[in-house]
Structure formats: C-alpha cells, structure tokens
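Subject: Structure handover

Hi,

Here is the structure for you to load. My notes on what turned up follow below it.

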Amino acid sequence: MTKTLGYRTALGLAGLIALTAATRSAPALAEPPRIAVVATGGTIAMKLDPNTHAPVPALSGEDLVAAVPKLKDIATIEVTEFSNVPSDYMGPDRWPALTARLDALLADPGIRGAIVLHGTDTLDQTAYFLDLTLKSDKPVVLVGAQRNASDADADGPRNLLNAARQILAEGAAGQGVTVTLNHRINAAREVRKTHTSNVETFNSGEAGILGYVDEDRVVFGRRSLRRQTLPLPERLPRVDLVAMYAGADGSQVRHAAESGAEAIVVEAYGWGNVNAEMHDAIAEVIAKGVPVIVATKVHDGRALPVYGFKGGGNTLRKAGAVFAGDLTPDKARILTLLALPASKDRAALQAVFDR
C-alpha cells in the first residue's frame, strides 16, 4: 500500500514538474492592441429629449463605446472626453487643443491609432485641420452619425466599429486623417458632406474614396497624394469667408477687412469669377494688405484665373488674388489659417495652395 502511494505521488510530482516546464516555455499571450477614442460630441452622441422630442447631446464617449460590444473583441479602447458639443460649435477656438490632445495620445508607442467621434456638419473641416497639423503618421479616423442614438437604425455603432477595424488593418498607417462613414474611407483633404440626412453623405468627388471597410477585411485602393503638414502657430489669424451671390455689391468684403479680418476667402462662381462690384472690393482690400483667396462653390473642378472680363479669374489674379484650386471654400479658409502666419506674400501663399 505504501509502495502504491509512493508511485502515485511520484507520478503526480512528475506531472507537476512537466506542467511547470511547459508553462514556462509557452509564449505569453499577446496583449490586445490599444486604440484611443476621443469624443467631441455630435449627432452620434445625441438622443431625443423626452420633452422637446428633438436630438440633444446626451451620451459620453464611454457610453458610445459600451454600446458596441464587439469593440472589446478586437482592441482595448481608451476613451478621452474632449467635449460634447454639436459640430457647429467646432472651429479654430477648439481645433488646436484637439490637435495637441491627439498628438499626446499618439505619442504613446502602444497606441495603434485614434478615433475621433464628431458631428457631421463640420467633420470634414476638423479632419482637414488635423491632417495638416498632426505630427504622427498613425491612423486617425473621424466618424460621426447621420442618425442619433435614439433611432432604431442608428449608424453610429457601425461607424465606430468600422473605424477600429480600419486602424488595425494592414496599410492603415500613412494614409493621413480619414473620414470613414457607411464603410467608405475618404481622405481629409478631398472629402465633403453632400447630403443633409442620408448615411451615404461623405464622398470625395472626382478624387474618389481611399477604400472601404468590407465584411471580411479593409481594402485600400489609393492614397491621397496632395497631403502636406504645416506648423501649428501660437495664434490662428482671423480669416473670413464671404460668398459671391447674384447682385453682390462688395460691401461684405470691405466690411470684413475693416472689422479686422487678416485674410478673406471669397466663395466665387465657376472657375473663380465674381461681378464687377465684387472685383473692385477685392482689389481695394488687397491693395490695403489683406490677402484674398478665391475658391469655387462648384463641387468638382478647380478655381483658376481663366476669364478676362472684369471680375473674371484672370482679372482677380492681376489684382493680387490667390487661387485655392480644388479646395472647398471652407478648407481654403483652414489652409489660410495655418499658412498666413508664415507669410502674407501672394506668391508664398499661392505656392502653399498649389502643393
């Protein structure tokens, strides 16, 4: 009996030693990848107010992440609450702080990339500002929603999950800041909002999408070739946006300059054309040292100094105007915000827009 117990004990000890050795030699389980989520607000974070029955800010970034259980299956999500405001409140007063926050998060070597939760009204503008100013080459994906969280078919959770999948995908780094909604990946420079309510609202016009988040993998088809990075100045200048319209008399251009605008972006027609009255006002403010950038309100094509009638692009160029090429008026203003502190010289500014 004693011998039998000793034999079993020996077997038990041998098994324990073998298990211990196997445990020591087995590779440690890999830590899940880490993704930063920065919440700024927007429709994605709104729910219907029970009294007004209208969408209002209601959810935190933590709430939004918790509503997508599949996220924890692919990554460790680290949430930063930056703000909870409609995207109509986002602008030059908040953008530099958002850049700084993201730069700090992305400097962590363990962070694979960042998702910014944002309203869709100015999502493309915030994305472009970040693309111009962020130092990291890690993927940064801006997502929002066209339907608030109270809607039965809210699109926010799907967009958030797709953004995480994109960040973890092969080839995601080096693509610049993107806007990814409804499975489609758009470059920050080219993307624009095209529909007030449809979930397929963001596209990149003639440039086309960068790729898409499919059911089985993320597919990239191209890269944005006109990206650039500009230093973030200590102070952003005041840059006004003035629209050309039928019968415009130029008074808004003059008022902008007289009230302190350090540069003016004109949202012109066609290739970059205005009427004679607007031409005279533009020429006057340029002569007083206020740069004027001409952009087109047309969705596709470039603003170019072509027409020679008074107010045509060619006459505006001769007056000293800078042409924004294929940038939307909103994005021409953003590029001016960052380029103007370095130089107000027309040729220098035009070189920035021509890159």
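This is a predicted model. Start with the open sheet: eight strands in the order S4-S1-S5-S6-S7-S8-S11-S12, with mixed pairing. Its edges are strand S4 (76-81) and strand S12 (218-220). Each of these has a single partner strand, so one side of each lacks a neighbour in the sheet. On average, neighbouring strands are turned by 25° against each other, direction ignored.

One pairing in detail. S8 and strand S11 (residues 211-213) run antiparallel and are joined by two bridges. Here isoleucine 185 stands opposite glycine 211 in S11.

Two helices that pack on this sheet:

- H5 touches strand S6 (140-143) and S7, and its direction makes about 155° with that of S7.
- Helix H6 (residues 156-168) touches strand S1 (34-39), strand S5 (111-117), S6, S7, S8, S11 and S12. The direction of H6 makes about 155° with that of S5.

Next, S14 and S15. Strand S14 (residues 263-268) pairs with S15 in the parallel sense, over five bridges. Valine 266 stands opposite valine 294 in S15. Strand S15 (residues 292-296) is mostly covered, with five of its five residues buried. Side chains in a regular strand alternate between the two faces of the sheet. In S15, Val292, Val294 and Thr296 lie on one side, while Ile293 and Ala295 lie on the other. Both faces are covered.

Now helix H10 (residues 329-339). Why call H10 largely enclosed by the rest of the structure? Because nine of its 11 residues are buried. They are Pro329, Lys331, Ala332, Ile334, Leu335, Thr336, Leu337, Leu338 and Ala339. A lysine is on that list, Lys331. What do the buried residues of H10 pack against? Three helices and three strands: helix H4 (95-106), helix H5 (123-133), H11, strand S13 (239-243), S14 and S15. H5 also packs on the eight-stranded sheet described above.

The contact of H10 with H11 deserves its own paragraph. H10 and helix H11 (residues 346-354) pack at an angle of about 130°, with their axes 11 Å apart. That angle makes H10 oblique to H11. The crossing is right-handed. From H10, the residues in contact are Ala332, Leu335, Thr336 and Ala339. From H11, they are Leu349, Val352 and Phe353. By class, six are nonpolar, one is polar and none is charged. An α-helix has 3.6 residues a turn, so residues three or four places apart point the same way. With that in mind, look again at Ala332, Leu335, Thr336 and Ala339 in H10.

Last, two backbone points to check in your viewer. Both residues have a positive phi without being glycine.

- Histidine 53 has phi near 60°. It lies in the loop between strand S2 (46-48) and strand S3 (55-57). Histidine 53 has 60% relative accessibility, so it counts as exposed.
- Asparagine 182 has phi near 55°. It lies in the loop between strand S7 (177-181) and strand S8 (184-187). Is asparagine 182 buried or exposed? Buried, because its relative accessible area is 18%, and the cut-off for buried is under 20%.

Best wishes

Notes
Residues numbered from 1 in each chain as written. Predicted model: local features only at pLDDT ≥ 70, side-chain atom pairs only at ≥ 80, totals over all residues. Heavy atoms only, no water. Helix = DSSP H or I, 4+ residues; strand = E, 2+ residues; numbered from the N terminus. Buried < 20%, exposed > 50% of the residue type's maximum accessible area, 1.4 Å probe, protein only. Axes fitted to C-alpha atoms, helices over the stretch in contact; angles between N-to-C directions. Parallel < 35°, antiparallel > 145°, perpendicular 65-115°, else oblique. Left-handed = near helix turned anticlockwise from the far one by under 90°. Contact = heavy atoms within 4.5 Å. Nonpolar A, V, L, I, M, F, W, Y, C, P; charged D, E, K, R; others polar. Pairing = 2+ DSSP bridges.
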